[in-house]
Amino acid sequence: KDEFQVVRSSIQEAEDYIGKCVDVLVNCAGTSICGCFEDIPPSQFEDMMNLNFMGSVIPTQCVVANMKRQKSGRIVFCSSQAGQIGIFGYTAYSASKFALRGFSEALQMELRPHNIYLHVAYPPDTDTPGYKEEMAVGKPKETILISETSGLFPPDRVAEDLICGVENGKYSISTGIEGWLLSQTCAGTEPVHAMIHGILQALIAPLGRIIILFNQRQFAKICKDNA
């Protein structure tokens, strides 16, 4: 069986067991590869896209038809703050997480007439086994110093924010004040599920842009000092 059929069979078994179609799909499969661009082989860029991007595309394609038939559903994509702002050392990882954002925006336009709503979560560094493994393998010093500016969050907090974001109808879901500010500033042309969310983004974006410019100057200094 190909990957689509394997995933579809698993989802079908779950739907048969609970006696109904999937109401909410949370796509959270992913991992990260961190390193200087010239040290990352092309195969690892492919691995990032296959897991972080296609690992969300395939399950989503497996549930959309039934969600359309029942005329309701919610689909969540777990991107990353590195899917909003490019960070030193994350050329492969950021590319895969930015891809989720573009995919979600296009798909939301297709699915909204069917009462299916999408959400994109942009979690910060989270204290998970995957994070510990990433730190054990090693990151460039620049990446570590830049990441420390936004802190490390417990997984329960990130999960709670994700659930609350879905329940409150937020298209863009963040954690922490810096994550919230980044989401408002990077909103651009992303869809909103409530007009008040879009108005708030328009009001916050100019101030957020100024703050992020100062952050980027700080990041540039870190990179220059450690070059």
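These points cover two pockets, one kinked helix and two buried charged residues in a predicted model.

1. The largest pocket. It holds about 1300 Å³ of space. Its lining is made up of 48 residues. Those that lie nearest the centre of the pocket are S80, Y93, P123, P124 and D125.

2. Where that lining comes from. Six helices each give two or more residues to the lining of the largest pocket: α3 (91–111), α4 (129–137), α5 (141–148), α6 (155–167), α7 (176–185) and α8 (195–225). By residue class, the lining has 26 nonpolar, 17 polar and five charged members.

3. The second largest pocket. Here the space is about 300 Å³, and 20 residues form the lining. K170, S172, S174, W180 and Q184 lie nearest the centre of this second pocket. At least two lining residues come from each of α6, β4 (172–174), α7 and α8. The lining of the second largest pocket divides into six nonpolar, 10 polar and four charged residues.

4. Helix α2. This helix runs over residues 42–70, which is 29 residues. From first C-alpha to last, α2 reaches 41 Å, close to the 42 Å expected at 1.5 Å a residue. A reader tracing α2 should still look at M54, on which a kink of about 45° is centred. After the helix comes K71, with a positive phi near 55°.

5. R8. Is this arginine of helix α1 (residues 3–18) buried or exposed? R8 counts as buried because its relative accessibility is 18%, and the cut-off for buried is under 20%. Apart from neighbours within four places in sequence, R8 is in contact with E15, C62 and N66. Of these, C62 and N66 fall within the residue range of α2.

6. E15. Helix α1 also contains E15. With a relative accessible area of 5%, E15 is buried. Leaving out residues up to four places away in sequence, E15 touches R8, K20, C21, V22 and N66. N66 therefore appears in the contacts of R8 as well as those of E15, by the cut-off of heavy atoms within 4.5 Å.

7. A distance for orientation. E15 and A99 are separated by 84 residues in sequence. In space, the C-alpha atoms of E15 and A99 are 29 Å apart. A99 falls within the residue range of α3, one of the helices that contribute to the lining of the largest pocket.

Notes. Residues are numbered from 1 along each chain as its sequence is written. This is a predicted model: local features need pLDDT of at least 70, side-chain atom pairs count only at pLDDT 80 or more; totals for chains, interfaces and linings use all residues. Side-chain values use heavy atoms; hydrogens and water are left out. On a 1 Å grid over the protein atoms alone, a cavity is a set of points where a 1.4 Å probe fits but cannot get out, and a pocket is an open set with protein on both sides within 12 Å along at least five of seven lines; lining residues have an atom within 4 Å of a point. Grid points are joined across faces, edges and corners, and a volume is the space filled by probe spheres set on the points. Helices (H or I, at least four residues) and strands (E, at least two) are DSSP runs, numbered from the N terminus. Ala, Val, Leu, Ile, Met, Phe, Trp, Tyr, Cys and Pro count as nonpolar, Asp, Glu, Lys and Arg as charged, and the others, Gly among them, as polar. The expected span of a helix is 1.5 Å times one less than its number of residues. The bend at a residue is the angle between axes fitted to the seven residues ending there and the seven starting there. Buried means under 20% relative accessible area, exposed over 50%, partly exposed in between (1.4 Å probe, protein chains only).
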